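Dear colleague,

I am passing on to you the structure we spoke about, together with some notes on what turned up in it. Please have the sequence and the model open while you read.

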Amino acid sequence: MDPAVAADVNSGPFSGLRVLDISQGIAGPYCAQMLWQHGAEVVKVEPPAGDWGRHVGTVAGAHSALSVAYNAGKRGVCLDARHPAGREALRRMADSADVLIQNFRPGAAARMGVGYQDLASDAPGLVYVSISGYGEEGPYSNAPASDSVMQADSGLMYANQDEAGVPRRIGVLLADIATALYAAQATMAALYRQARTGLGGHVRLSLFQACAALQANDILAHGMAGARRAGPVSAPNGVFDTADGRLSVLALNNDQFARLCRALDRPHWLLDPAYGDNAGRMARRDELHKELAAQLATRPSAHWIERLSREDALHARVRDYDGLAAHEQAAHIGLLQTLEQPGVGPLPYAPLPGLAQRRPPAAAPAIGQHSSAVLRDWGWTPSDIQALLAAGALVQGGTQTERA
């Protein structure tokens, strides 16, 4: 086993748990990576061409940012499941796993010989995780799904419409990430059941379900009120330019509006009956925002932050990711770790919140980087491994090199 893996293999509540991740992209890989952060050994199985997520978005060397984020710490095995020996090897690995995670279209894993029904009878304790776009049955079960497709089809774009009512895509991969979080939660519940009863189970969820659950409040609100109001639901509430930056400033209730008035030295707003409640302020939102924008533009952000903080008024500096890294609270709580990714260099990495003990960040693997080592550690003989390599069913990748 790699020294980097051996150094922390005994940390975390899932220490000793063996996870076989045959998924690609985001939802499945991130679910598996969260289990790694909780101490599990996670083996990433890829085809010779690699996980398609390696080639999406910002790419450096053999990885994209997406690939590093959701596969950090895993060990990499490359198997060609089109080869009979490769399918047999994948099945053998699945028989040795405590958790298997796949996110192919319905039926694809079964065609590879590692569907739930293929494995469950011989491994009743297995926790098998299936993530799909729309579910395993129904008229959309085989429809292609991506984050953007799901944001449109599940109402997320509708929830993010602008003030003119135009739906907009949320600028992070929210559908995929939310699905990964729900999948990890369901997997952990299944592992708790496994620990209590010895029985595993089939965890099944879809991006479609996850996006609906994520919007439970908005869906209920729509059921109560019908058409959705575009834009903020309180006033003032917006992003305003200062002399040297931008601030988000808002008030959600009368107490917060009073705090804002004191911070901005506007007692006449407090005395104006037209601003006595949120309904009145919303009716005069444009007027409020015009005056607020003119005032905030006269001084630097630091000046207004000091005054708003003094009154405990709701506000925040609008930051980019460099600004996030420089945040005083980020430094205090260790919000970002440094992940050394060979071929790329040091990268800022945001670990899971709520961990009792953080594993040291570890690089995402190259395709097949640990193929022979993993099989050896999982009980395969040298002759078994060599036969797979000779047949082309197993590929041993090279060692990643540091950026010059």
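**Aromatic rings and the sheet**

Arg281 lies over the face of Phe257, at 4.5 Å from the ring centre. Please bear in mind that this is a predicted model, and that the values here were computed from it.

Phe257 is a good place to begin, since it also belongs to a ring pair. The ring centres of Phe257 and Trp269 are 6.1 Å apart and their planes stand at 10°, an angle under the 30 degrees that sets the limit for stacking, so this pair is stacked. Because Phe257 sits in helix α12 (residues 254–263) and Trp269 in helix α13 (residues 267–271), the pair ties together parts that are 12 residues apart in sequence. Both partners are buried, with a relative accessible area of 2% for Phe257 and 2% for Trp269.

The structure holds 7 aromatic pairs. One of them joins Tyr116 and Tyr128, whose ring centres are 5.6 Å apart and whose planes meet at 65°, so that this pair counts as edge-to-face. Here Tyr116 comes from helix α6 (residues 116–120) and Tyr128 from strand β7 (residues 127–132), so the contact between the rings ties together parts that are 12 residues apart in sequence. The two residues differ in their exposure: Tyr116 is partly exposed, at a relative accessible area of 21%, whereas Tyr128 is buried, at 1%. Elsewhere, Tyr134, Tyr140 and Phe208 form one aromatic cluster.

Strand β7, which carries Tyr128, leads on to the sheet. There, 7 strands form an open sheet with mixed pairing, in the order β8-β7-β6-β1-β2-β5-β14. Its edges are β8 (201–206) and β14 (394–395), each of which pairs on one side only. Within the sheet, strand β1 (residues 18–21) and strand β2 (residues 41–46) run parallel and are joined by 4 bridges.

Arg18 deserves a separate look, as it takes part in two of the features found. Its bridge partner in β2 is Glu41, and Arg18 also lies over the face of Trp378, at 4.3 Å from the ring centre.

Finally, helix α4 (residues 84–95) lies across β1, β2, β5 (75–79) and β6 (99–102), and it runs at about 145° to β5.

With kind regards

Definitions and conventions
Residues numbered from 1 in each chain as written. Predicted model: local features only at pLDDT ≥ 70, side-chain atom pairs only at ≥ 80, totals over all residues. Heavy atoms only, no water. Phe/Tyr/Trp six-rings, centres within 6.5 Å; stacked < 30°, edge-to-face > 60°. Buried < 20%, exposed > 50% of the residue type's maximum accessible area, 1.4 Å probe, protein only. Lys NZ or Arg CZ within 6 Å of the ring centre and 35° of its normal. Pairing = 2+ DSSP bridges. Contact = heavy atoms within 4.5 Å. Axes fitted to C-alpha atoms, helices over the stretch in contact; angles between N-to-C directions.
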